[in-house]
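The following exercises practise the reading of a protein model, from sheets to pockets and backbone geometry. Please work through each task before turning to its solution.

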Amino acid sequence: MASPSEPATMGCYLHIDMDAFFASVEQVLDPSLRGKPVIVGGRKGRGVVTSASYEARKFGVHSAMPGFQARKLCPQGIFLPNRRRAYSEFSHEVFAILKQFSPKVDAISIDEGIVDLEGTERLFGPPLKTADRIIRRIRSELGLPASGGLSASRMVAKIAATLAKPHGLIYVPKGAEEDFLSPLAVEMIPGIGPKTHKTMLQRGIKIIGDLLKQDDLARRYLDLIEDGHTGRTHDHSIGHETTLDKPLKARENIEEVLWELVEEIGGRLRRDKLYARCLTLKIRYTNFHTLTRSRTLSSPTCFDREIFEAMSDLLRQNLSAGRAIRLLGVSASALQSTGWQEPLFDRQKRASWEKLYQGIDELRHKYGEASIGTATPRTRRG
């Protein structure tokens, strides 16, 4: 699974990427599904696939594919509804394992995270062996497959984890990043979408090595090697989105889904002891028209109610009457743990909220995500 040489003590990042996460969770919950083509989402109408097991991927099925197309490619596929709370509970368990190896864990999404293994050698041994141990523990304790990338650079670690799929681990030694990246297709760089990729191809940039030769573009799109060598911290976002099995038109029904997404984001922020200053809402209609709207808060937050109030307001302002939506997403960015001041009254209110949510989070950790929930502000008003 791993390279024979070990990384020396350094900033050492392990990027964990869960393999076919939602479908893998379904196979754990129902062992009779193991080895079968499981497809989450895309069950009705114009719904899309949110996750496909590797057995289904052999037929060409992949996430974001329309359900009708997935059925044509894999008529024997087992189509299942999204179970957001179940996936959230398994995600919580995955990150609990990661935090046993390092206090520095960043949640990138529900199924991706970065573990800083610098300084863990005395407790767990060389980082490469620790990375292998983490992946094996996720498999043995949760029954879930995971892949990993290990590097002095966060971004290189992410790319390595993608290439390691499925069930693999790739280590890129410090100083070997450029050799590793150069032959890879330029679209491997996270954040390069179809339009940017097209522009690069027009400029003769097909592989990352081509990009590295052009200083102007390289500095704009790449922060791959230096981020591991200079010790800079990287802002990231925490987000979660869901494709609806049945398109929704009524705002009250959409807000029910929105509240579940908000609870997921708020819980992850609190687990990482982070507050978000910028919140973003993503809406996709049944005709695939997609819009995103963001709001910058006067004070950062990690509390479900405050996040929901901002997202609900954006939803009200941007939801087109009579049009059905097929996807809803929420993300939090501009994350920080300290560094702002609030009036005394706000500090007192924040302390009360922190005590409340600490109790809620403890109950969920002990008895499961579904053990306790809070009514949406809209429900409380009714």
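**Exercise 1. The three-stranded sheet**

How many bridges join strand 2 to strand 4, and in which sense do the two strands run, parallel or antiparallel?

*Solution.* The model is a predicted one, in which local features need pLDDT of at least 70 and side-chain atom pairs count only at pLDDT 80 or more, while totals for chains, interfaces and linings use all residues. Residues are numbered from 1 along each chain as its sequence is written, and side-chain values use heavy atoms, with hydrogens and water left out.

Step 1. Strands (E, at least two residues) and helices (H or I, at least four) are DSSP runs numbered from the N terminus, and two strands pair if DSSP finds at least two bridges between them.

Step 2. Strand 2 (residues 38-41) is joined to strand 4 by 3 bridges, and the two run parallel. Within this pair, Val38 has Ile78 of strand 4 as its bridge partner.

Step 3. The pair belongs to an open sheet of 3 strands with the order 3-2-4 and mixed pairing. Strand 3 and strand 4 (78-80) each have a single partner strand, so one side of each lacks a neighbour in the sheet. From one strand to the next, the twist averages 25 degrees, with axes taken as lines fitted to C-alpha atoms (for helices over the stretch in contact) and angles running from 0 to 180 degrees between N-to-C directions.

**Exercise 2. The four-stranded sheet**

Describe the sheet that contains strand 9, and state why its edge strands each have one side without a neighbour.

*Solution.* Step 1. The strand order of this open sheet of 4 strands is 9-12-10-11, and the pairing is antiparallel.

Step 2. The edges are strand 9 and strand 11 (290-301); each has a single partner strand, so one side of each is left without a neighbour in the sheet. Here the twist averages 15 degrees from one strand to the next.

Step 3. Strand 9 pairs with strand 12 over 7 bridges in the antiparallel sense. Gly239 stands opposite Ser331 of strand 12.

**Exercise 3. The largest pocket**

Which element gives the most residues to the lining of the largest pocket?

*Solution.* Step 1. On a 1 Å grid over the protein atoms alone, a pocket is an open set of points with protein on both sides within 12 Å along at least five of seven lines, a cavity is a set where a 1.4 Å probe fits but cannot get out, and lining residues have an atom within 4 Å of a point. Points are joined across faces, edges and corners, and a volume is the space filled by probe spheres set on them.

Step 2. The volume of the largest pocket is about 1100 Å³. Its lining comprises 37 residues, with Thr50, Ser63, Ser109, Asp111 and Glu241 nearest the centre.

Step 3. Elements giving two or more residues to this lining include strand 1 (13-18), helix 1 (21-29), helix 7 (154-164) and strand 9 (238-248). Strand 9 gives the most, with 6 residues.

Step 4. The lining divides into 13 nonpolar, 15 polar and 9 charged residues.

**Exercise 4. The cavity**

How many cavities of 30 Å³ or more does the structure hold?

*Solution.* Step 1. The structure holds 1 such cavity, and the space in the largest cavity is about 30 Å³.

Step 2. Residues lining the largest cavity include Ile16, Met18, Phe95 and Asp111. Helix 4 gives the most to this lining, with 3 residues.

Step 3. By class, the cavity lining has 6 nonpolar, 1 polar and 2 charged residues; Ala, Val, Leu, Ile, Met, Phe, Trp, Tyr, Cys and Pro count as nonpolar, Asp, Glu, Lys and Arg as charged, and the others, Gly among them, as polar.

**Exercise 5. Backbone geometry**

Locate Ala20 and Phe288, and decide whether each is buried, partly exposed or exposed.

*Solution.* Step 1. Ala20 lies in the loop between strand 1 and helix 1, with phi near 45 degrees, a positive value in a residue other than glycine. Its relative accessible area is 5%, so Ala20 is buried (under 20%; exposed is over 50%, partly exposed in between, with a 1.4 Å probe and protein chains only).

Step 2. Phe288, in the loop between strand 10 and strand 11, also has a positive phi, of about 75 degrees, although it is not a glycine. Phe288 counts as partly exposed, at 38% relative accessibility.

Step 3. A further backbone feature is the cis peptide bond from Lys165 to Pro166, with omega near -5 degrees. Pro166 is in the loop between helix 7 and strand 8 (169-171).
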